[in-house]
Amino acid sequence: MAARRRGMTEEAADAAIDQACRMLRLPTIRTEFTGQADQAAAEQMSYRGFLAELLLAECDDRTRRRSERRIKAARFPREKSLRAFEFDANENIDPATIHTLAKCEWVKKGQPLCLIGDSGTGKSHLLIALGTEAAMTGYRVKYILATTLANELVEAADEKIFSKTIARYGRVDLLCIDELGYMQLDRRGAELLFQVLTEREEKASVAIASNESFSGWTKTFTDPRLCAAIVDRLTFGGTIIETGADSYRLAHTTRQLADRD
């Protein structure tokens, strides 16, 4: 054990703390130490209390940074939160159900989630917001458009890296697929997408947002048997939320225009 360094000046102590924090990778303690030390002295805080405050600040900041990294890795196209969601504007959506989903037990259990409704009813907002909640809870999340995913899988198959690609998607705890049903997928892309869903079934969660009811998915998946199999994968043991047909986004814009007149 190194000998204690007695008689160290405050300047030397600050420099030693700064160097030690760099070596130990404690950036929050390094930046907050001086202010915390002054506050601790003013409040006559015990050594143990002062040390606890410093370590808790480092832990809190690391938790925040990890959440930020997971949210960034998810590649959400924009920020959306449950706090910003207008539940009063859409009576079809039960706030209690959404807040229960925000606890992420369904992600822990590997269950699916389907958000079905017309454009402007809040399904993409909820998809991103719930995905963000999962990332903040500690889960690995990936957001992608259905057509983008299908095209990526086809390219991966052509380049003989499909197994590697499907394994990469298999490593995320929650796969958020948006805009499923907006465009028809060719048979090959649909079959490869089905493989991804099969790989994740009852092991890792998939959440989708679609503007088509399940009966209309034959427009996207033209093979009826394949369509039925995909619906089965995305609904078994999961949660289905119908966001309705009335666009509250359009209604909100209409109200704003009326208020201006």
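**Exercise 1. Place Tyr143 and find what lies across from it.**

Task: State whether Tyr143 is buried or exposed, and give the C-alpha distance between Tyr143 and Arg75.

Solution.
- Step 1. Tyr143 has a relative accessible area of 7%, so it is buried. The model is a predicted one.
- Step 2. Tyr143 belongs to strand S2, residues 141-145.
- Step 3. Along the sequence, Tyr143 and Arg75 are 68 residues apart. In space, their C-alpha atoms are 5.9 Å apart.
- Step 4. Arg75 sits in the loop between H3 and helix H4 (95-101). Its relative accessibility is 61%, so Arg75 counts as exposed.

**Exercise 2. Check the backbone angle phi.**

Task: Work out what is notable about phi of Arg75 and about phi of Glu179.

Solution.
- Step 1. Start with the background: most residues other than glycine have a negative phi.
- Step 2. Arg75 has a phi near 65°, which is positive, and Arg75 is not a glycine.
- Step 3. Glu179 also is not a glycine, yet its phi is positive, at about 60°.
- Step 4. Now locate Glu179. This residue is in strand S3, residues 174-180. With a relative accessible area of 34%, Glu179 is partly exposed.

**Exercise 3. Test the cysteines.**

Task: Find how many disulfides the structure holds, and explain why Cys104 does not bond to Cys176.

Solution.
- Step 1. The count of disulfides is zero.
- Step 2. For Cys104, the closest cysteine sulfur is that of Cys176, 10 Å away. A disulfide needs the two sulfur atoms within 2.5 Å. The Cys104 sulfur is therefore too far away for a bond.
- Step 3. Look from the other side. Cys176 is in no disulfide, and its nearest cysteine sulfur is that of Cys104, at 10 Å.
- Step 4. Check the surroundings. Cys104 is buried, at 1% relative accessible area. Cys176 counts as buried, also at 1% relative accessibility.

**Exercise 4. Follow the salt bridges of Glu58.**

Task: Name the salt-bridge partner of Glu58 at 3.5 Å and the one at 3.9 Å.

Solution.
- Step 1. The whole structure has 16 salt bridges.
- Step 2. Glu58 pairs with Arg62, and their closest N and O atoms are 3.5 Å apart.
- Step 3. Both residues are in helix H3, residues 47-74. Arg62 and Glu58 are four residues apart there, so about one helical turn separates them.
- Step 4. Glu58 also pairs with Arg65, with 3.9 Å between the closest N and O atoms.
- Step 5. Compare the cover of each residue. Glu58 counts as buried, at 3% relative accessibility. Arg62 is partly exposed, at 32%. Arg65 is partly exposed as well, at 24%.

**Exercise 5. Link two helices, then map a network.**

Task: Say which helices the salt bridge between Arg168 and Glu152 ties together, and list the residues that shared partners join into one network.

Solution.
- Step 1. Arg168 and Glu152 form a salt bridge, with closest N and O atoms 2.8 Å apart.
- Step 2. Arg168 lies in helix H8 (residues 162-170), while Glu152 lies in helix H7 (residues 146-158). The pair therefore ties together parts 16 residues apart in sequence.
- Step 3. Arg168 is partly exposed, with a relative accessible area of 37%. Glu152 is partly exposed too, at 22%.
- Step 4. Now the network: Glu58, Asp61, Arg62, Arg64, Arg65 and Glu68 are joined by salt bridges that share partners.

**Exercise 6. Read the negative patch.**

Task: Identify the residues of the negative patch on the surface and the helix that gives the most to this patch.

Solution.
- Step 1. The patch of negative charge gathers Glu10, Glu11, Asp14 and Asp38.
- Step 2. Helix H1, residues 10-24, gives the most, with three residues.
- Step 3. Asp38 is in helix H2, residues 27-42.
- Step 4. Asp38 has 52% relative accessibility, and exposed means over 50%. Asp38 therefore counts as exposed.

**Exercise 7. Pair Ala190 with Asp223.**

Task: Give the C-alpha distance between Ala190 and Asp223, and say whether Ala190 is buried or exposed.

Solution.
- Step 1. Ala190 is in helix H9, residues 187-200.
- Step 2. Its relative accessible area is 2%, so Ala190 is buried.
- Step 3. Ala190 and Asp223 are 33 residues apart along the chain, and 9.0 Å separates their C-alpha atoms.

How values were computed: Residues numbered from 1 in each chain as written. Predicted model: local features only at pLDDT ≥ 70, side-chain atom pairs only at ≥ 80, totals over all residues. Heavy atoms only, no water. Patch = residues over 30% accessible without salt bridge, like charges linked within 9 Å, V, L, I, M, F, W, Y side chains within 5 Å. Areas by Shrake-Rupley, 256 points an atom, 1.4 Å probe, with all protein chains shown as cover. Salt bridge = Lys/Arg side-chain N within 4 Å of Asp/Glu carboxyl O. Lys, Arg positive; Asp, Glu negative; His and termini not counted. Charge placed at Lys NZ, Arg CZ, Asp CG, Glu CD. Helix = DSSP H or I, 4+ residues; strand = E, 2+ residues; numbered from the N terminus. Buried < 20%, exposed > 50% of the residue type's maximum accessible area, 1.4 Å probe, protein only.
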